[in-house]
Amino acid sequence: MRKHWLIGGAAGVVTLAAGLALVGAQDAQRVANADSPESYASGQPIAFPHNQHAGNEPGQNNMNCMFCHFSAERSVDAGIPPVSTCVGCHQVIPGANNPEEVQKVLGYAERGEPIPWVRIYKISDHAHFPHMRHIAAGFECQQCHGEVQQMEVLTERDPAWGGDNMGWCIDCHRENGASDDCAVCHY
Amino acid sequence: MTDGIKRRDFLKVLGVTGAGAGLSGCSTEGAERLLPYVVPPEDITPGVATWYTTVCKGCSAGCGMWVRTREGRAVKIEGNPNHPVSQGGLCSRGHATLQHLYNPDRYTGPMVREGGNLRAVTWEDAETLLATRIQAAGGRVHLIHGQMGPALTSLVDEVMAAVGGSRTEYEALSDAPLREAARIAFGTDALPRYDIESARMLVSFGNDFLETGVNPVGYARAFARMSGSDDHGDKGRFVYAGPRLSLTGLNADEWLPIRPGSEAALALGMASALGGDAGPYGSVLSAFDVRSAAQATGISEDAIQELAERFADGPSLAMGPGVGAHHRNATAANVAVMILNSVAGNVGTTVTMGAGPSSSTRPYADMESAIGAMASGQVGVVMVRGTNPAYSLPSSPSGSGFQDALASVDFKVSFASAPDETSALADLILPDRHFLEAWGDSAPMPGVRTIQQPVMQPVPHFDSKEMGDVLLSLATRMGATMEAATFRDYVRTEYNGVLGNEEAWRTALKTGVVDVPASIPGTGALQSPDSALSFDAPVMDGGDDLTLVVHPSPRFGAGEFANSPWMLELPDPVAKIMWHSWLEMNPVTAEARGIREGDFVEVTSPHGSLEVPVWLYPGIREDTVALAMGNGHTDFGRWASDNGVNAMALLPAVAEQPSGSFVTVATTVSVTPTGDRRRLATNEGSSDQHDRPIAPAIALADLGHAEEEADDGHGALMELQGVGGFVPVDAHDGAATAFPLEGAQHGNYTNAHEGPRWGMAIDLDKCTGCSACITACQAENNIPWVGEDQVQMGRDLHWIRLERYYEHIDATQASHVDVRFLPMMCQHCGNAPCEPVCPVFATYHTPEGVNAQIYNRCVGTRYCANNCPYKVRVYNWYRYTDENVPEPMTWQWNPDVTVRTNGIMEKCSLCMQRIRDAENRAAVEGRQDRVPRDGEIVTACQQSCPAEAIVFGDLRNPETRVAQMVESERTYRVLDELINTQPGVHYLKKVTFHEVSGGAH
């Protein structure tokens, strides 16, 4: 047992040292943070506030999710908005709250680069989740993704979700009379 | 289960040991990035397949293709059902063209050879260099090329005229003797079009139309319709005459094992027995009769006489020798077959003119002149495109001299997109694009054109450029004025006439077919021959007693597909051997020489010798041995190089007269054992059914009263009844009620009696054993290859195994052939032996009757595979998908199917992803019952099958096609009555003309 503590301690020191070495270089910091699941928030290349776009509080824009996630109702993939979709609005909307973040968006568009978003929601490769099937059944996006329209920083809805927690899927399937056959998702 | 360990507890124990087994993609290290498009492409929706039509350039047939792309990558090819050539099917090689697209050995960019090494250069530099050298050569420019579409041909002619060059077309496989025979006999420059479907008596004189030649896929479809029996017992008869049963021959009802080269004697003997009017060939015919035919062929007079009589009954059709029978008198043999057709009154009915691309080349004879020109210094710059003569022409002292002649040219340019033996000799490499990345067109038959459009952006690993664009740039550099800026524009302009407006052009791209006006000369009446023809058997080189037949491989063609792991690991449809080469030899011949299967022999002809293992084959004459083309490359990529032998080493370089075709049946050989042995890399368990009714047949005469058959077909095995709990049950219930079985526990599936039961029916009277289904399945379901060593250990991963059982083959006299093909995949048993032995419920039954395999549950005990009576479950012993599949071949993975890693069992899923896709569509469209329509779900094997033998659908709905097929009296399920597995896959028995005795016969 004592040996394990020693190993753990050594590993901690190394990690700390590696972390300190990166402080100061902002880009490097972002990459380092992005690779640690705890800090998705600051790891995004652009501080994108979902609440500002999709929220229905005064001053928020109440946009439909599928304005940006354009293929959710016709594809297995919900779709990540192309940079041109962002620019479509932001070439005339400077972003009153965080103009510097909007400038970053325009910068990506100008350079013709994709925005390297950090993925928050991911289902394992051995499971298939057809978005359109769930939209067609009348589900709201929030039922799986949480109240995204209230989130300034997108986080996973529920630690139990975890991407691989099948019980979470199955509970919902059973409640709604959907199939609980394995091969519905695993093939 | 009573006391002792319970299944769930066992699962827990296993859970610990099995924790290491997972699927690729389970990694949680690091954050994954989501990269959006900057500007979205118009026709791409993430997660939704986009389909493009184009044309296959894998061989000269020109089949129409539908290419499925996902997120901009080509992932699967299917046949275009609208296309008049292929009519919806696709062969194995067509599928494998995808592996050429993603071939990791492709050239990474233009290169110049300096001091023996290749140095990367820019396209600008490369093109400047080419222009400079051509200028310096002053018109002494020559292009040697393979098959090209009409647009590229016309551009090449334009550019060559501008620079003062010339060109030669050379393809290793050609139909020149047939084409020349059609010209001589009927005065047409088109190939004969055979209406196989209408014939009731088809005789092939060494024409392997199911595997090579004008249109393998389309002819296979027509053949299956002709020879597949319908419910009224109408079935056409197929007779094969030739020294060796090719895949085509194995589909015959009768075999005349004639001596190599005696096709003309047989055809003329039959024609003379018919006694019809042979027009200007009357005098030829008078020199032949049944007796002379019998002497030349080694077949009895009675058999020939009887065949002639049946042929006269019509509607009949005879097909002349193809590439596998190109001997020194192949043109005369084709003329002889045309005389036979003419005498029997088939011309104008089953034989018309107008198939195949029009062409006036004399392939090898033209090549000989090109070689002569190069050797004598008349060529300053030689360019090679789409052909590989340094491999496909013999390099022996009596060979073509191509390699030496090429080496003597000052500047050699290759447009090869991947290394080959010819580009290895080139000074400048200008890598062409793969046809799926490039523009072009194809003229597969008179009156039909197809536009070849790029289905994706060029694979970014390779800096390639279309040859058309290079030529346009070259012409501009050399001062010519070209109207088109790009080759795409050039192709578009070529079709200004027939596709005037933009809408017509778009429609043509969408349907994949353009109708163009065509006129076919030739009256259908026999014309006097304008060149000397010898109808005698050709003289073979050497004085040995074994004649060598060199034939194109159904997998590799003439070698173009030798670097595709799909093709290498596809069991040869005849020999069932993968990867390496083999020599086919009759068991009687082998025994006389003390040779066993797997023995290495030295095969020596007057022109060369090579060492190759022997495979014993009863379907070849005792005085003949055969080698397939395609292997034995020296410089063709990581998989092809140093694999097997190149049969061309044994051949002389001879041009057949008068067609100028390369002669493939030219020499005798001696065969001596070397003393070495090897284990053949085969997945064949046995070529004998051992009295088990795996692929039973029914005689045509018995159709309509099958129930009178006394023997239920299980032979000796039935005697085991009641021994050791082995109790067969009455399983005569229909397929619909057989699942779930009475009293069976199927988890919590209370609704399993409702909804569809997915199943399949395969008509074995149509199946030709071509194995296209195997490659289609491999492409669709992310099945990796395992390599030759693993194959020898029986670890190949194919989900379909094409069983080939010999029932009757006689290589000594004319008699019936009975070979049974059976595509064996997971039978989706209603009472599956694999299910109760799985400790973790990784295999189980879905409510829809599919035996499912859940990869993420599987811990790899392999109990299921051991308990499967059909041996269709395959196991990932290693990380084949990681280790065997290099970038960018991984781009071909189907994103709808899990990529499996080591420790996982897998098998046919009935294309579950396609079922789900159709269900999703039904749900999104808001259809009431959410059940896909019949025919909406097409499995990959079914789509590809050129013979239309496979039908998938809902067995429980009596309206579906599959349910109706299952009602046929020919329907059976493999081993079902014996072991009560209640399979969901049904087979329809092969129908034979001869009596079948016993169940297995």
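**Figure 1. Where Trp117(A) meets chain B.** Trp117(A) sits across from Leu34(B), a residue of strand E1(B). This is a predicted model. The strands here are E1(A) and E1(B), the latter covering residues 33-34 of chain B; they run antiparallel and are joined by two bridges. Zooming out to the whole contact between the chains, 36 residues of chain A touch 36 residues of chain B. On the chain A side, the elements giving two or more residues are helix H6 (83-90), strand E1 (117-118) and helix H8 (131-136). H8(A) supplies the largest share, three residues. Sorted by class, that side of chain A has 18 nonpolar, nine polar and nine charged residues.

**Figure 2. Helix H5(B), tucked inside chain B.** H5(B) spans residues 176-186, and eleven of its eleven residues are buried, so the helix is largely enclosed by the rest of the structure. Charged side chains are on the buried list too: Arg179(B), Glu180(B) and Arg183(B) are buried, as are Leu178(B), Ile184(B) and Phe186(B), among others. What does the covering of those buried residues include? Look for strand E9 (191-194), helix H12 (330-343), strand E14 (351-355) and helix H13 (363-375), which belong to chain B. Just after the helix comes Gly187(B), with a positive phi near 65 degrees.

**Figure 3. A five-strand sheet in chain B, with a helix packed on it.** The strands of this open sheet line up as E13-E10-E11-E12-E30, and their pairing is mixed. E13 (316-319) and E30 (815-816) of chain B are the edge strands; each has a single partner strand, so one side of each is left without a neighbour in the sheet. E10(B), residues 201-205, runs parallel to E13(B), and four bridges link the two. One pair to pick out is Val203(B), whose bridge partner in E13(B) is Ala318(B). Helix H11(B) packs on the sheet, touching E10, E11 (237-241), E12 (254-256) and E13 of chain B. The direction of H11(B) makes about 130 degrees with that of E10(B).

**Figure 4. Helices H10(B) and H11(B) crossing.** Two packed helices are described by the angle between their axes and the distance between the axes. Here, H10(B) covers residues 290-297 and H11(B) covers residues 301-313; their axes come within 9 Å and cross at roughly 120 degrees. The two helices are therefore oblique to each other. H10(B) makes a right-handed crossing with H11(B). Which residues make the contact? From H10(B) they are Val290(B), Arg291(B), Ala293(B) and Ala294(B), and from H11(B) they are Glu301(B), Ile304(B) and Gln305(B). In terms of class, this contact has four nonpolar residues, one polar and two charged.

**Figure 5. A three-strand sheet, also in chain B.** Strands of a sheet pair through backbone hydrogen bonds, either parallel or antiparallel. In this open sheet the order is E18-E19-E20, and the pairing is antiparallel. The edges are E18 (440-445) and E20 (514-515) of chain B, each of which pairs on one side only. E19(B), residues 448-452, is joined to E20(B) by two bridges, and the two strands run antiparallel. To find your way around this spot, start at Val448(B), which stands opposite Asp515(B) in E20(B).

How values were computed:
Residues numbered from 1 in each chain as written. Chains lettered and ligands numbered in written order. Predicted model: local features only at pLDDT ≥ 70, side-chain atom pairs only at ≥ 80, totals over all residues. Axes fitted to C-alpha atoms, helices over the stretch in contact; angles between N-to-C directions. Parallel < 35°, antiparallel > 145°, perpendicular 65-115°, else oblique. Left-handed = near helix turned anticlockwise from the far one by under 90°. Contact = placed C-beta atoms within 7 Å. Nonpolar A, V, L, I, M, F, W, Y, C, P; charged D, E, K, R; others polar. Pairing = 2+ DSSP bridges. Buried ≥ 20, exposed ≤ 12 C-beta atoms within 10 Å, placed from the backbone.
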